[in-house]
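The following exercises invite the student to read a structural model step by step. Each task is followed by a worked solution.

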Amino acid sequence: MADEARDTLRVLGIAGSLRKGSYNRALLRTAVELAPDGMTIEVYDRLREIPPYDQDQDAAGQPEVVLDLKRRIREADALLIATPEYNYGIPGVLKNAIDWASRPPKDTPLAEKPAAIMGASVGIGGTIRAQLALRQAFLFTNTHPVQKPEVIVAEAAQKFDAELRLVDPAAREFLRQLLESLATWTRRLRGGA
Ligand code: FNR
């Protein structure tokens, strides 16, 4: 493998919304566009297919869609999560995916995985509380989210245009800095920088 290919960071991006016009998926698309040199972001697209977590089903054998999610997390160098905020927490569909991926705890691909968190909401809180809730879940899974910058896109309807492009210059700059920070963090965690 060429050095360049080996050095490229592969990031798995997950947006926690199933909505067609989702601001969080739009935020993830913007991240793909702004990814720095040496980083590629694959957008996860099977969230809707993941069944509600059932410990009996887990014990009987995890469904193919969960095994695929876990394989994609394992193969990624880092995660990038765009979370909406539902009732001050993360949406059930996102938590559900994390719950599946966290099992069994002794070989979850979430453990030791570098991650970055961001979010967009139509309210003025901009997903602050949901991001905190996600950090709390990542304590148990031993996932390592970057701390700064926090990408909090409040009042999203004014930050995206009609085609769901992120047009707010400050938000774009914070997102660009988050991706740089994720690259540095990921390389540092694997002992390369
Ligand atoms: C919301 N919304 C919301 N917004 C917020 O800032 N804090 C909150 O606690 C909530 N709670 C909440 C609960 C539920 C059930 C829904 C459906 C919505 C509004 C939310 O920010 C808005 O719908 C976003 O547009 C959702 O993200 P996507 O789908 O655009 O990515």
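The structure shown is a predicted model.

**Exercise 1.** Determine where threonine 127 is placed and whether it is buried or exposed.

*Solution.*
Step 1. Threonine 127 belongs to the loop between β4 and α6 (128-141).
Step 2. The relative accessible area of threonine 127 is 0%. A residue counts as buried when this value is under 20%. Threonine 127 is therefore buried.
Step 3. The backbone of threonine 127 deserves a note: its phi is positive, about 80°, although the residue is not a glycine.

**Exercise 2.** Locate asparagine 142, and classify its exposure.

*Solution.*
Step 1. Asparagine 142 lies in the loop between α6 and β5.
Step 2. Its phi is near 60°, a positive value in a residue other than glycine.
Step 3. The relative accessibility of asparagine 142 is 33%. Partly exposed residues fall between the limits of 20% and 50%, so asparagine 142 counts as partly exposed.

**Exercise 3.** Describe the surroundings of glutamine 62, beginning with its place in the chain.

*Solution.*
Step 1. Glutamine 62 is located in the loop that separates α3 (55-60) from α4 (64-75).
Step 2. With a relative accessible area of 13%, glutamine 62 is buried, because the limit for this class is under 20%.
Step 3. The side chain of glutamine 62 makes a polar contact of 3.0 Å with the side chain of aspartate 58. A polar atom of the glutamine 62 side chain also lies 3.2 Å from the backbone oxygen of arginine 103.
Step 4. When neighbours within four places in sequence are set aside, the contacts of glutamine 62 are Gln57, Leu67, Lys70, Trp100 and Arg103.

**Exercise 4.** Which peptide bonds leading to proline 104 and proline 149 are cis or trans, and where are these prolines found?

*Solution.*
Step 1. The bond from arginine 103 to proline 104 is cis, with omega near -15°. Proline 104 is found in the loop between α5 (92-101) and β4.
Step 2. The bond from lysine 148 to proline 149 is also cis, with omega near -5°. Proline 149 is found in the loop between β5 (144-145) and β6.

**Exercise 5.** Characterise the shell around the ligand and the polar atoms that approach the ligand.

*Solution.*
Step 1. The residues around the ligand include Ser17, Asn24, Pro84, Tyr86 and Val122. The shell divides into 5 nonpolar, 5 polar and 2 charged residues.
Step 2. Oxygen atoms of the ligand lie 2.7 Å from an N or O atom in the side chain of arginine 19 and 2.6 Å from one in the side chain of serine 22.
Step 3. A nitrogen atom of the ligand is 2.8 Å from an N or O atom in the side chain of glutamate 85.
Step 4. On its own the ligand has 620 Å² of accessible area, and the protein covers 72% of this.

**Exercise 6.** Identify the largest nonpolar core and the elements that contribute to it.

*Solution.*
Step 1. The largest nonpolar core has 30 residues, and Leu27, Leu80, Met118 and Phe160 are among those with the most contacts inside it.
Step 2. Elements giving two or more residues to this core include β1 (9-15), α2 (23-34), β3 (78-82) and α7 (169-189).
Step 3. A second, separate core has 24 residues, including Leu47, Trp100, Ile117 and Ala130.
Step 4. Returning to leucine 80, its contacts beyond four places in sequence include Val11, Leu28, Ile41, Met118 and Leu179.

Methods:
Residues are numbered from 1 along each chain as its sequence is written. This is a predicted model: local features need pLDDT of at least 70, side-chain atom pairs count only at pLDDT 80 or more; totals for chains, interfaces and linings use all residues. Side-chain values use heavy atoms; hydrogens and water are left out. Helices (H or I, at least four residues) and strands (E, at least two) are DSSP runs, numbered from the N terminus. Buried means under 20% relative accessible area, exposed over 50%, partly exposed in between (1.4 Å probe, protein chains only). A polar contact is a pair of N or O atoms within 3.5 Å; within protein, one must be able to donate a hydrogen and the other to accept it, and residues adjacent in sequence count only if both atoms are side-chain atoms. Contact means heavy atoms within 4.5 Å. A residue is near a molecule or strand if one of its heavy atoms lies within 4 Å of it. Accessible areas come from the Shrake-Rupley method with a 1.4 Å probe; for residues, only the protein chains shown count as cover. Ala, Val, Leu, Ile, Met, Phe, Trp, Tyr, Cys and Pro count as nonpolar, Asp, Glu, Lys and Arg as charged, and the others, Gly among them, as polar. A nonpolar core is a set of buried Ala, Val, Leu, Ile, Met, Phe, Trp, Tyr and Cys residues joined through side-chain atoms within 4.5 Å.
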